[in-house]
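Me: Could you take a close look at one part of this model for me? I would like to hear about the nonpolar patch on its surface, and how it sits within the chain as a whole.

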Amino acid sequence: KKMELVLFEDALKHMLRINRLLEMPRGSALLVGVGGSGKQSLTRLASYISRAMCFQITLTKQYNVNALMDDIRVLYKNAGHKRQ
């Protein structure tokens with residue numbers, strides 16, 4: 001998916017931190033901040049650089065525990081069997 005980004009120094013520093021976390025063994029991160037601050041775009045860019053798969057849960061009114069378990073099942077399958 002093509003993204004048009006304006007990168008400034010602080011954004012590049014954050015993207016490098018996210019990238020460093022993704023490159024670590026069993027690396028993960030929880031990004032917290034106000035909406036529209038670029039968390040999702042920087043994470044997608046960092047995952048592209050790291051050649052990692054980016055997965056996002058889309059919450060709906062019908063999303064429940066069974067849907068969460070299905071999403072986790074897909075992630076485990078990708079992580080284990082496909083090694084993505």
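Reply: Happy to help; here is the patch, followed by its setting in the chain.

Please keep in mind that this is a predicted model. The patch on the surface is formed by seven nonpolar residues that you can pick out by name: Met 53, Phe 55, Ile 57, Leu 59, Leu 68, Val 74 and Leu 75. Together they offer about 560 Å² of accessible area. Val 74 is a good place to zoom in: this residue belongs to helix H3, which spans residues 65-80. With a relative accessible area of 42%, Val 74 counts as partly exposed, because that class covers values between 20% and 50%.

Now for the wider setting. The chain has 3 helices and 0 strands, giving the pattern α-α-α along the sequence. Its C-alpha atoms fill a box of roughly 40 × 30 × 25 Å along the principal axes. Of the 84 residues, 13% are buried. The chain exposes about 7,500 Å² in total, and carbon and sulfur atoms supply 56% of that area. Among contacts with a separation of 6 or more, 57% join residues 24 or more positions apart.

The loops deserve a glance too. In the loop between H2 and H3, Arg 51 has a positive phi of about 60° although it is not a glycine. Arg 51 is exposed, at 79% relative accessible area. Arg 26, in the loop between helix H1 (9-23) and helix H2 (39-50), also has a positive phi, near 55°, and is exposed at 85%.

Notes. Residues numbered from 1 in each chain as written. Predicted model: local features only at pLDDT ≥ 70, side-chain atom pairs only at ≥ 80, totals over all residues. Heavy atoms only, no water. Patch = residues over 30% accessible without salt bridge, like charges linked within 9 Å, V, L, I, M, F, W, Y side chains within 5 Å. Areas by Shrake-Rupley, 256 points an atom, 1.4 Å probe, with all protein chains shown as cover. Salt bridge = Lys/Arg side-chain N within 4 Å of Asp/Glu carboxyl O. Helix = DSSP H or I, 4+ residues; strand = E, 2+ residues; numbered from the N terminus. Buried < 20%, exposed > 50% of the residue type's maximum accessible area, 1.4 Å probe, protein only. Contact = heavy atoms within 4.5 Å.
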